[in-house]
Amino acid sequence: MKKSGMRLAVLALVAAFAMPVMAQSAEADDAIKYRKWIMGTVGNHTQAFFAILQGKVPHQDALVYHARGLADAASHAKAAFEQNTAGEGTEKTTAKDKVWEGPDFNAGLDSLAADTAALADAVEAGDMAAIGPLAGAVGKDCKTCHDTFRDEHAN
Ligand code: HEC
């Protein structure tokens, strides 16, 4: 193979590997799995955070990590739900179809992102007076949305 031919072959190979990275939408099952990974991360950080806050486990040095991890994961939740998978795929999901039927769901995720960011800031600043109310607001965000948009018996 001539040098230029080789260069083209290498370019084609690079392009083939780069393609999935640039995908704008996913197979329904992959989209469902991804949003469950994001929400699972939100859930794990939330549980760990509250267990430390309530003194059930020590690990105080991890409190900022979990607060920031929760805020970071929450900031990606809206994008994770962008793809409407209602009625598609075989992957188990507890998301109700009405997730994609109005603005309320996205408003709920905006509220979660804002409250978790404020909580992480308060924890980082050691602002003890602010942590309680903000943690309460975050817990309310989870419950309000799950009550409306999740069917926990679907799994
Ligand atoms: C605006 C709506 C909304 C908010 C706010 C929200 N969730 Fe969820 N959550 C969902 C939906 C919808 C699903 C179902 C995803 C699926 O099964 O496809 C879900 C799924 C989950 C799951 C299960 C993930 C899995 O692996 O199946 C956990 C855990 C979870 N959420 C925790 C939380 C916690 C903790 C909070 C608050 C800190 C929270 N969620 C806030 C809508 C929300």
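**Figure 1. Asp 141, a buried charge without a salt bridge.** Asp 141 is buried yet takes part in no salt bridge. In this predicted model, the nearest side chain of opposite charge belongs to Lys 140, and it is 7.2 Å away. A salt bridge needs a side-chain nitrogen of Lys or Arg within 4 Å of a carboxyl oxygen of Asp or Glu, so a pair at a longer distance is not counted. Look for Asp 141 in helix H6. Which residues does Asp 141 touch, not counting those up to four places away in sequence? They are Ser 111, Leu 112 and Asp 115.

**Figure 2. Cys 145 and its surroundings.** Stay in helix H6 for this view, since Cys 145 has its place there. Is Cys 145 buried or exposed? Its relative accessible area is 14%, and buried means under 20%, so Cys 145 counts as buried. Leaving aside neighbours within four places in sequence, Cys 145 is in contact with Phe 105 and Arg 150. Leu 109 is another residue to find here: 36 residues separate Leu 109 from Cys 145 in sequence, and their C-alpha atoms are 8.5 Å apart in space.

**Figure 3. Cys 142, a second cysteine in helix H6.** Cys 142 also has its place in helix H6. With 23% relative accessibility, Cys 142 counts as partly exposed, whereas Cys 145 is buried. Now search for Gly 43, which is 99 residues from Cys 142 along the chain. How far apart are the C-alpha atoms of Cys 142 and Gly 43? The separation is 9.4 Å.

**Figure 4. Arg 68 and Glu 124, a link between two helices.** The side chains of these two residues meet in a salt bridge, with 3.0 Å from N to O. Arg 68 belongs to helix H3 (residues 63–75) and Glu 124 to helix H5 (residues 104–125), so the salt bridge ties together parts that are 56 residues apart in sequence. Arg 68 is partly exposed, at 24% relative accessibility. Glu 124 is partly exposed too, and its relative accessible area is 46%.

**Figure 5. Lys 143 and Asp 147, a pair within one helix.** Here is a salt bridge inside helix H6 (residues 128–149). The side chains of Lys 143 and Asp 147 come to 2.7 Å, N to O. Why are Lys 143 and Asp 147 separated by about one helical turn? The reason is that they are four residues apart in helix H6. Lys 143 and Asp 147 are both exposed.

**Figure 6. Arg 150 and Glu 152, and a network elsewhere.** Arg 150 was introduced above as a contact of Cys 145. Arg 150 also forms a salt bridge with Glu 152, and the closest N and O atoms of the pair are 3.8 Å apart. Glu 152 is partly exposed, with a relative accessible area of 49%, and Arg 150 is partly exposed at 30% relative accessibility. Salt bridges can also share partners: in this way Arg 68, Asp 121 and Glu 124 are joined into one network. The count of salt bridges comes to six.

**Figure 7. His 59, a loop residue with a positive phi.** His 59 is found in the loop between helix H2 (28–53) and H3. Most residues other than glycine have a negative phi. What is the phi of His 59? The angle is near 45°, a positive value in a residue other than glycine. His 59 is partly exposed, with a relative accessible area of 45%.

**Figure 8. Stepping back to the chain as a whole.** The close-ups fit into a chain with six helices and zero strands. The radius of gyration is 20 Å, well over the 15 Å that the globule rule gives for 155 residues, so the chain is more spread out than a compact globule. Its C-alpha atoms fill a box of roughly 70 × 40 × 25 Å along the principal axes. How many of the 155 residues count as buried? The share is 28%. Among contacts between residues at least 6 apart in sequence, 73% join residues at least 24 apart. The chain exposes about 9,900 Å², with 59% of that area supplied by carbon and sulfur atoms. As for charge, there are 15 positive and 20 negative side chains, and the centres of the two sets lie 7 Å apart.

Notes. Residues are numbered from 1 along each chain as its sequence is written. This is a predicted model: local features need pLDDT of at least 70, side-chain atom pairs count only at pLDDT 80 or more; totals for chains, interfaces and linings use all residues. Side-chain values use heavy atoms; hydrogens and water are left out. The radius of gyration is taken over C-alpha atoms; the globule rule is 2.2 Å times the number of residues to the power 0.38. Buried means under 20% relative accessible area, exposed over 50%, partly exposed in between (1.4 Å probe, protein chains only). Contact means heavy atoms within 4.5 Å. Accessible areas come from the Shrake-Rupley method with a 1.4 Å probe; for residues, only the protein chains shown count as cover. Lys and Arg count as positive and Asp and Glu as negative; His and the chain ends are not counted. The place of a charge is taken as NZ of Lys, CZ of Arg, CG of Asp or CD of Glu.
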